[in-house]
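Subject: Structure handover

Hello,

Please find the structure below, as agreed. My notes come after it.

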Amino acid sequence: MSELVQMTPELLRELQLKQLDALVYFRDFCDKNNLKFYLIGGALIGALRNGGFVPWDDDIDVIMPRPDYEKLHKLWREQKADGRFRLLKTDDEIFTGNIFITITDTNYTMVKANQVDVDIPHGLVLDVFPLDVCPDGGFARKMQYVWTMLYSLFLAQIPPENHGGLLAAGSKALLSIFRGKSIRNKIWRFCERKMSKYKLEDNECVTELCSGPYWMKKKYPKHIYAGVDYVTFEGLKIPCMSGYDEYLTMIFGDYMKLPPEEERIPHHDIAYLDLNTPCIEYDSRHNGKR
């Protein structure tokens, strides 16, 4: 499995359409439990520009206010919502390699290159990110970066790539000092509480702490998320933030303009893809070893 999957336009379109089932299941669960979520990123641009997927996009991302994000995990378990669709989140029972929740469709098999050795159901995933509050104070904001980086390090247990030799060396040193699963779990849980402790009513901006180092440094006026609008995504009515135009313009500029042709490519490295086989069968055959 050393070679990555070569994504033809036909295979990519088949992948896109099969991802819609998880989005529908997630949307219906949120509607039933009065949980807020919003379509974001490329999927939101695709809804506005194409009425669905951007032709070269290979996933769907959504975001939830932190309180709803925490309720999602709790309610999913209480209502035993796992079945074909599994909610995966690193905790004391499972390690996913992600720092956010994924909803996994086990009817299919997709192994991302960075998760080849991770023992989880490798299905098609819907990425679910928390929307956190950004503190107004400059020092508090810097400390939020620190807590978030530590949270990411001890939850994912992988030193950050492409972010400088000193940061990578320091991360490796911390992981070598704190080796045990129990202590690592205590550290990331403590850091998560610290980074997400700020209240919306006391501050002016929100941020995406669990979307990676680039995104955690961005902040958006909270009025962008003050209301809910809806877009049509592949024929589905999906919620987005009422200030979607301001949000997308802050990130992408003229988001209705097509990017350069060389940038119109899928952005995930996929090591294995089988859209005809449930991932449980794949995991059983490989026994967690790829």
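What follows is a short description of the whole chain, then of three residues.

This is a predicted model, in which local features need pLDDT of at least 70, side-chain atom pairs count only at pLDDT 80 or more, and totals for chains, interfaces and linings use all residues. Residues are numbered from 1 along each chain as its sequence is written, and side-chain values use heavy atoms, with hydrogens and water left out.

The whole chain

The chain holds nine helices and 11 strands; these are DSSP runs numbered from the N terminus, with helices being H or I of at least four residues and strands E of at least two. Its C-alpha trace spans about 50 × 45 × 45 Å along the principal axes. The radius of gyration is 19 Å, which agrees with the value near 19 Å for a compact globule of 290 residues; it is taken over C-alpha atoms, and the globule rule is 2.2 Å times the number of residues to the power 0.38.

Of the 290 residues, 48% are buried (under 20% relative accessible area, with a 1.4 Å probe and protein chains only). Among contacts (heavy atoms within 4.5 Å) between residues at least 6 apart in sequence, 66% join residues at least 24 apart.

D58

D58 sits in the loop between α2 (41-49) and β2 (61-65). What is the nearest side chain of opposite charge to D58? It is K112, 7.3 Å away, and D58 is buried without a salt bridge. Lys and Arg count as positive and Asp and Glu as negative, while His and the chain ends are not counted; a salt bridge needs a side-chain nitrogen of Lys or Arg within 4 Å of a carboxyl oxygen of Asp or Glu.

Leaving aside neighbours within four places in sequence, D58 is in contact with residues including L12, L15, Q19 and P266. H267 and H268 are also among its contacts.

F37 and A168

F37 lies in the loop between α1 (9-32) and β1 (38-39). Is F37 buried or exposed? F37 counts as buried because its relative accessibility is 4%. Not counting residues up to four places away in sequence, F37 touches eight residues by name: F26, R27, C30, V62, I63, M64, I238 and P239. F37 and P9 are 28 residues apart in sequence and 29 Å apart in space, C-alpha to C-alpha.

A168 belongs to helix α5 (residues 165-177) and is buried, at 17% relative accessible area. From A168 to R193 there are 25 residues in sequence and 24 Å in space, C-alpha to C-alpha.

Regards

Terms used
Buried < 20%, exposed > 50% of the residue type's maximum accessible area, 1.4 Å probe, protein only.
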